[in-house]
Amino acid sequence: MKRSFFMERTIRTRIVILGGGTAGWMTAAALAALAGPLCDVTLVESAEIGIVGVGEATLPHLRAFLARLGLDERTFMAATHATYKLGIRFEDFGRLGDRYIHPFGSYGQPLNDVAFHHYWIRRHRQGRPGPIDAFATGVVAAEECRFAPPSPQADDPTPSFSYAYQFDATLFAPLLRRFACARGVSGLEGRVAHVERCASSGDVRALILADGRRLEGDLFIDCSGFRSLLLGDTLAEPWEDWSGWLPCDRAVAVPCASPPGVVEPFTRAIAMPAGWRWRIPLQHRVGNGYVYSSAHLGDEEARSALLAALEGPAQAEPRLLRFRAGRRRRSWVGNVVAVGLASGFLEPLESTSIYLVQAAITQLLEHFPDPCISPIDRQGFNRAIDAEYERIRDFLILHYHATTRDDTGFWRHVRTMAVPDSLSSKMALWRGAAQVERYGFGLFLEPSWVAVYLGQGIVPDGWDCRADVPAADGLDRALDRLAAAVRARVAAMPHHRPPGGDA
Amino acid sequence: MSQVRTPLRSVAVVGGGPVAAATALALAGGVPGLSVTLVPAPVAPAALADHWPLLLASAHPTLLRLGAEPAGLIAGGIARRRTATRFADWGVRNTAWRLGDGRTVPLDLPAEQLWVRGTRAGPMPPFHTLVPAAMLPERRAHDDLVDPALWLRPDVWTARLAGTMRAAAVRVSPAPLANVRHAAGSVAGLVLANGMAVAADLYVDATGPDRRLAVAGHHWQPWADVSPVDRLLACPDPYAAPFDGYRAVEDGWLGWWPGWRGFGYRAALTSETRARQLLEATAPAIGPIELVPGRVDALWSGNVLAVGDAAAMPGPLGHFGLTLAFQTIELVLELLPSAAPEPLLQAELNRRFALRADRLRDFVGALHRANGRRHGRFWRSVASAPLPFTLRQTMDHQARRGYLPHFDEDMMAPDAWHSVLLGQECLPEGDAMPVLHVQPDEARSRVLALTGTGPSAAVGAGGAR
């Protein structure tokens, strides 16, 4: 039998994480909890460099991450002032005055092999009033500010739903830091002055800090944020620019006091003249930000527009962030793996930033590197991350492109721009036959695409012909019954009240 | 307002075996108002899905569309259960290994990773001892981990389907197909032997490898590199075990299926005379049947949809053809075509079918050559052919740490992939993350306790007979 050099391995992989933001500490915590005996993890961060920390809204996947680490939900929510999140409410995207919720969950149930939305589209086209929202438990619960964790019952006819959190990202990193350091990660304060590389392989050998300390490692994880100090600056991995499709390149962010009343269990994304504005309710405050295109709006105007929209007094000076949509062509090059913003950026319209960090960590653990890295591991990692980025990219572009808005230069641009072929064929398939291109790996499966297509007014002209078979009145009665069951299930839920919150 | 799509009004399914009948029935039952005509046409012996109908459990839900369910078919003598496939003299060390029709025992850690970890400490029982279905009938198993496949008796089943078709108002043409009128990448109409014409919105080609309705888009992509058998010689055999068997020999493999013994080989390497000697037929043999494993470029081209061996032929090893055919039927019902041409819907259907067929091709490739048997000219020729990129990728990743990369539309479960690769002793060079904290000795004793076997059972896998 072939014996591998690391079967009884005594050499521990030396991992150096550069950057102490959400990405850095999530990576450190996961490595400490799940790969503790295999590696020595050092994280270097600098207080001089602030953290972006705008990723305040999350996707349900974060729950699996916390569970894997053994972090209790209540502890996490109390520490980060978190609230429950059932989805995102998009306002004024398809046209001014429109709004819809993209929930974590599905619409209705399939009937006779045919997905629910075909029946709804048929009756909608035939004049039946009311949005598809009434058939998604998550949407109805969100609109009524009610929440209870899903507890599937066998005979429950109502569609399933899931949930995520809205939380203070600046408190998440410290929580993870305590967690990671208690499990052997050493955290260092320092600024990188120089990156030492191997002359023959080009791999990074060590980070030299400004005070002269030298951090040697086998694997370097670049969590340096937009700066991409290792993957971008040092290894010069080419940048793939997506700003032609996603023109927003700035954000101004400010928290404000919570308005009175029940805390909304959803994030709001409100379309603005040159971009969109987020509203993320936490237990103790509301996070706000205006994501805009600097080609269409000045920083000062963006700042004023954001401040004018606040529902309570601002709790800080508005902070300006600059970014560009796109990614490094590969996320793992040589012995450098970039996690988070150092590998790429997609605006927070669908709360994907932390998800992308998590996806990279999951893949890193699956391809957990030995002191000597195999190209197979790199290739497997990069293949998985490619699929994630491209699918999310198309989904985000859809939010801008699927609009009839003609009121500003920004919206005219995104409405009329050429989109990637991969997206235009998806949209045409939907328009013609109400079918969603199928993939089984990655984010945003059929219900998500249905939510955004219908929410932004792309109602197909054709649908599955089998949905035309049931008589209209019988179908309507069944739809009414389902909507009533959804309402009843939601009515049995309490009003949204995060643990530790006093809403 | 009504919709822009015109419902499919009529379909003509051409073929003469279970694949054609099942397609006609599933369409008639699944699409209200659709008029379905079955146009008889003989299917050649090389239509393996029709003549050797085996259905993996994943395709059993489609049986319900045909008014049948596994228990009833077994009780009626139409089907029999298969719980495993046993391979002998396989791979580089003449290994005996099994592929169970079922799941691996659930543990708190992935069983395959724990097994691999245990191999670092000493000899282990074969991986299939962790798959209860593979240990039947010698060792009784928990039923919930066994998902038996079904072998159907083609003649009886075809007769049964004919009866169901009458009840389901599938019209059967009074005369068989004589001619196909083609027009610009499509079929313009069918002419029957009695001179009658049949026209439909959509034509389904279930004529097996003859592909009598093939249009320009149905160009054939051969899979000879990964599914190398191009001749099958078979003879009746009293074989009646609840598992299939394959034994590698220098010129190819001998296979045992209920009532049959077969020999798969390559015409360029082995003469028919030699093949007959190796088969040791005691009764008149059928064949040699000429096979061209592969798939069509586009499942649905013009107004013609292919299904069964007309769409893809995975080859005789494992007899996966009917399962793929049933999955194709489900795909067609999911993305139901309309009467008018719809290029994008067509592209989506073709894309998903191609992913599915190619992934099955990879699985058949892994069965043939995952652990490189080199002795014998057949196996040398197999080992020297290039691997498709996706199979290479799977094997590289498995070899690295035991993980399997994800592929959409894979009809074989990860458990089956693990069985095939670990069964042939493709041992990962390193261990997977979740089991690294388990000492190899401990992993080994956990597996040994679980399988109730000592290492002495390691060679007890048995051959085909």
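In chain B, take the contacts between residues at least 6 apart in sequence: 76% of them join residues at least 24 apart. For chain A, the matching share is 77%. Keep in mind that this is a predicted model. Here's a quick rundown of both chains, topic by topic.

**Secondary structure**
- Chain B carries 14 helices plus 22 strands.
- Chain A comes with 14 helices and 21 strands.

**Overall dimensions**
- Chain B has a radius of gyration of 23 Å, close to the 23 Å from the globule rule for 465 residues, so chain B is as compact as a globular protein of that length.
- If you're setting up a box, the C-alpha trace of chain B spans about 70 × 60 × 45 Å along its principal axes.
- Chain A has a radius of gyration of 24 Å, close to the 23 Å that the globule rule gives for 503 residues, so chain A is also as compact as a globular protein of that length.
- The C-alpha trace of chain A spans about 75 × 65 × 45 Å along its principal axes.

**Burial and surface**
- In chain B, 62% of the 465 residues count as buried, and the accessible surface comes to about 16300 Å², with 56% of that belonging to carbon and sulfur atoms.
- In chain A, 60% of the 503 residues count as buried, while about 18600 Å² is exposed, 52% of it supplied by carbon and sulfur atoms.

**Charges**
- Chain B has 44 positive and 41 negative charges, and their mean positions sit 3 Å apart.
- Chain A has 55 positive and 56 negative charges, with mean positions 1 Å apart.

Methods:
Residues are numbered from 1 along each chain as its sequence is written. Chains are lettered from A and ligands numbered from 1 in the order in which they are written. This is a predicted model: local features need pLDDT of at least 70, side-chain atom pairs count only at pLDDT 80 or more; totals for chains, interfaces and linings use all residues. Side-chain values use heavy atoms; hydrogens and water are left out. Helices (H or I, at least four residues) and strands (E, at least two) are DSSP runs, numbered from the N terminus. The radius of gyration is taken over C-alpha atoms; the globule rule is 2.2 Å times the number of residues to the power 0.38. Buried means under 20% relative accessible area, exposed over 50%, partly exposed in between (1.4 Å probe, protein chains only). Contact means heavy atoms within 4.5 Å. Accessible areas come from the Shrake-Rupley method with a 1.4 Å probe; for residues, only the protein chains shown count as cover. Lys and Arg count as positive and Asp and Glu as negative; His and the chain ends are not counted. The place of a charge is taken as NZ of Lys, CZ of Arg, CG of Asp or CD of Glu.
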